[in-house]
Amino acid sequence: MTLPFLAGLRVIESSAFIAAPLAGLTLSQFGADVIRVDMIGGGIDYGRLPLAPNGRSLYWTGLNKGKRSVAVDIGRPEGREIVRALTTAPGPGGGMLLTNIATPWLYHESLATLRPDLVSCTIQGDADGSTALDYTVNCATGYPVITGSGSLEAPVNHVLPAWDVACAYQAAFAILAAECRRRVTGEGAELKLALSDVAFTTMSHLGVITEAEMLGQERPSIGNYLYGAFGRDFGTVEGKRVMVAAISISQWTGLVRACGAERAIATLESSLQRDFSREADRYEAREAIAQVFEPWFASRTLGEIESAFKQHRVCWGLYRNVRDLIANDPRVSLTNPVFERMNTQGIGTHLAAGTPVRAMHESRGATVAAPLLGQHTDEVLSEVLGIGASAIGRLHDQNIVAGPERDPTVFIKDRKNGY
């Protein structure tokens, strides 16, 4: 039997919202034992939209698949000591903390007195500790100014929390990098990752910051045109819309041939004195090129376009809504091995995704539904901390810990000293 890549790794996650939970999910899907610690009744993200008919959050269950859940009253010293003990429990794969909860009792220097080889990763908004979310960071990147028909006077926000997603994967990678070093040197690591740093460093890697600094220019707002080459959306005869992208020369020549536009494009190239084998020239002439292609798309059905594109290996995609996607796109179905049908308590049977990484030998962790809040409290306290049944029973009696909620529609509204 092939073990998952991260078998034996135990990560304590104290988190909310997207970046930290998604980092934990990523580690879990490669086989790490990710133990999520929440307040009894759930933290601030436990009831976020969208909700199942019975009130259980599809958001929370989606981000917490495959984790174990422990419910603890972290507003009390006894509860905090349990979380600290779980984080610093012995074992070669333990001593790992993932959090975006800025609280002194989870600070690295405090926990490291209990386990010097501790690896902690704290996700922040800004590097100075101030609050920031994906949306407040994104508005500073300049992207809403160039998205769609955006401008400084009328910016257009994208709906994907892209910086949260990028931050999550960076955090998961950083934790594993620190663990690799710990195995060699025995040294722990205190990792801090600011959401805004993720956004701005990514912009630097993509050349956006250097472009503004060295060339003194801003990216223009160009609607649905592709920046730097040729690409745009077009409408079909029945009102569908497709997106085409011609970045490489083979993609460009394939598009021209599929549309039967060789002569028209050659004429346009000559009249504009451009060389369309160059991406930059295709980009500069994008509007004129689009006028050549538009009648071809407008006079054909989606089926006719798909047939021509398949023959000439055009890079393209069809605009869909999500219900259309899951009903008609085989990439989001059981024919794709990264998807399977899963039964989540309080939600029912639904399509769910594992890790998108495919390996030659099956070494991913099994895809497991999100737990009920507190479902693994007793199991984790016994297994990780060695607490006996009678002592666990007393912790329940004192309401310091809690087992699985029977009714996921019931949430604690007033959580003093909570998240």
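This tour moves through a predicted model, from one helix to salt bridges, cysteines and paired strands.

**Stop 1: a helix and its buried face**

Select helix α8, residues 195-205. Which of its residues are buried? They are L195, S196, V198, A199 and M203. Turn the view until you look down the axis of α8: the buried residues fall within an arc of 160°, so they line one face of the helix.

Next, display the elements against which these buried residues pack. Two of them are strands, β5 (119-124) and β6 (189-194). The others are the helices α5 (134-141), α6 (143-146), α7 (162-185) and α9 (208-214). Before leaving this region, select G207, just after α8, which takes a positive phi of about 85°.

**Stop 2: salt bridges**

Side chains of opposite charge can pair when their charged atoms come close. How many salt bridges does the model hold? The count comes to 22.

Begin with E13 and K67, whose side chains meet in a salt bridge at 2.8 Å, N to O. E13 lies in strand β1 (residues 10-14) and K67 in the loop between α2 (58-63) and β3 (68-72), so the pair ties together parts that are 54 residues apart in sequence. Both E13 and K67 are buried.

Now select E383 and R68, which form a salt bridge at 3.1 Å, N to O. This pair links distant parts of the chain: E383 belongs to helix α16 (residues 377-385) and R68 to strand β3, and 315 residues separate them. Are these two partners buried or exposed? E383 is exposed, with a relative accessible area of 51%, whereas R68, at 10% relative accessibility, counts as buried.

Continue to E187 and R181, where the salt bridge spans 3.7 Å, N to O. Here E187 is partly exposed, with a relative accessible area of 42%, and R181 is partly exposed as well, at 40%. To finish this stop, select E13, R36, D38, D45 and K67 together: salt bridges that share partners join these residues into one network.

**Stop 3: the cysteines**

A disulfide is a covalent bond between the sulfur atoms of two cysteines. How many disulfides does the structure hold? It holds zero. To see why for C139, select it together with C167, which carries the closest cysteine sulfur: the two sulfur atoms are 17 Å apart, too far for a bond. For comparison, a disulfide requires sulfur atoms within 2.5 Å.

Then select C315, which is in no disulfide; the nearest cysteine sulfur, that of C259, is 14 Å away. At 35% relative accessibility, C315 counts as partly exposed.

**Stop 4: paired strands**

Select strand β7 (residues 230-235) and strand β8 (residues 241-246). These two strands run antiparallel and are joined by six bridges. Which residue of β8 is the bridge partner of G231? The partner is A245. Follow the chain from β7 to β8: the two strands form a hairpin with five residues between them. In the turn, G239 has a positive phi of about 95°.

Finally, add strand β9 (residues 316-318), which pairs with β8 in the antiparallel sense over three bridges. To locate one of these contacts, select V244 and its bridge partner in β9, W316. Strand β8 thus pairs with β7 and also with β9.

Conventions:
Residues numbered from 1 in each chain as written. Predicted model: local features only at pLDDT ≥ 70, side-chain atom pairs only at ≥ 80, totals over all residues. Heavy atoms only, no water. Buried < 20%, exposed > 50% of the residue type's maximum accessible area, 1.4 Å probe, protein only. Helix = DSSP H or I, 4+ residues; strand = E, 2+ residues; numbered from the N terminus. Arc of directions from axis to C-beta. Contact = heavy atoms within 4.5 Å. Salt bridge = Lys/Arg side-chain N within 4 Å of Asp/Glu carboxyl O. Pairing = 2+ DSSP bridges.
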